[in-house]
Amino acid sequence: RRPPLPLWWLGTALAIGGGAAIALGGGGVATADLGGLALCLAAGFSYAVYTLTAKSLATHASPARASLWVFGTAAAIALPAAWLIAPSGAAQLAAAGSRGWLVVAWLGVVATGVSYLLFSSALRFISAATGVALALGEPLTAFMLAVLLLGEPLRASGLAGIALIMA
């Protein structure tokens with residue numbers, strides 16, 4: 001195992017800058033919330049831990065089994081936490097109804113589970129650093145879908161962000 005090359009760091013910094021240009025390009029004054037920044041850093045750290053864990057698990061188990069264990073464990077932790085922190089308690093979660101729970105199942109299994117299964121499968125053939133760098137293309141996909149499907153305006157900052165991500 002070797003550390004990423006300087007070119008990798010440069011590409012990663014450009015992609016992060018591109019994501020910031022896309023996210024903050026709506027005009028106006030950007031303000032920083034220290035709590036929000038701390039949560040962003042925690043999310044990035046968690047993603048790095050997940051990636052390294054998935055890379056390690058990929059050598060010992062199939063990607064499907066590894067993903068099932070990782071996300072099954074996460075669900076076992078998150079569901080009771082959701083019950084505890086719901087504003088009106090468990091009653092609010094129970095009142096979501098079958099349609100709400102189907103949306104949750106879709107987001108959990110299809111939108112998240114399948115994409116992470118593919119990511120875990122790819123980690124068998126690429127380094128964790130390469131996998132994380134390629135995942136920085138996700139904001140590009142989200143931005144393009146927002147422009148094409150939701151009618152979000154295409155601003156110069158968004159185009160600059162796309163250029164930085166693609167660099």
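1. Let's start with helix H2, residues 34-58. In this predicted model, H2 runs for 25 residues and spans 36 Å from its first C-alpha to its last, close to the 36 Å expected at 1.5 Å a residue.

2. Which residues of H2 are buried? They are Tyr 50, Thr 51, Ala 54 and Ala 58. The cover over these buried residues includes H3, H5 and H6. Thr 51 is worth a second look, as it also appears among the residues nearest the centre of the largest pocket.

3. On to that pocket. The largest pocket holds about 1500 Å³ of space, and 42 residues line it. Nearest its centre lie Tyr 47, Thr 51, Val 132, Ala 135 and Leu 136.

4. Which element gives the largest share of this lining? It is H2, with ten residues. Helices that each supply at least two lining residues are H1 (6-24), H2, H5 (97-122), H6 (128-135) and H7 (138-150).

5. If you plan to look at the chemistry of the largest pocket, its lining divides into 30 nonpolar, eight polar and four charged residues.

6. The second largest pocket has about 470 Å³ of space and a lining of 19 residues. Phe 71, Gly 72, Ala 75, Gly 108 and Val 109 sit nearest its centre. Two or more lining residues come from each of helix H3 (63-85) and H5. H5 makes the largest contribution here, at ten residues.

7. How many charged residues does the lining of the second largest pocket have? There are no charged residues in it; the lining consists of 14 nonpolar and five polar ones. For the largest pocket, by contrast, four charged residues are counted.

8. Stepping back to the whole chain, the secondary structure amounts to eight helices and zero strands, which reads along the sequence as α-α-α-α-α-α-α-α. The C-alpha atoms fit a box of roughly 45 × 45 × 30 Å along the principal axes.

9. Of the 167 residues in the protein chain, 19% are buried. As for contacts between residues at least 6 apart in sequence, 75% of them link residues at least 24 apart.

10. Last, the surface. The protein chain has an accessible surface of about 11600 Å², and carbon and sulfur atoms account for 75% of that area.

Technical notes: Residues are numbered from 1 along each chain as its sequence is written. This is a predicted model: local features need pLDDT of at least 70, side-chain atom pairs count only at pLDDT 80 or more; totals for chains, interfaces and linings use all residues. Side-chain values use heavy atoms; hydrogens and water are left out. On a 1 Å grid over the protein atoms alone, a cavity is a set of points where a 1.4 Å probe fits but cannot get out, and a pocket is an open set with protein on both sides within 12 Å along at least five of seven lines; lining residues have an atom within 4 Å of a point. Grid points are joined across faces, edges and corners, and a volume is the space filled by probe spheres set on the points. Helices (H or I, at least four residues) and strands (E, at least two) are DSSP runs, numbered from the N terminus. Ala, Val, Leu, Ile, Met, Phe, Trp, Tyr, Cys and Pro count as nonpolar, Asp, Glu, Lys and Arg as charged, and the others, Gly among them, as polar. The expected span of a helix is 1.5 Å times one less than its number of residues. Buried means under 20% relative accessible area, exposed over 50%, partly exposed in between (1.4 Å probe, protein chains only). Contact means heavy atoms within 4.5 Å. Accessible areas come from the Shrake-Rupley method with a 1.4 Å probe; for residues, only the protein chains shown count as cover.
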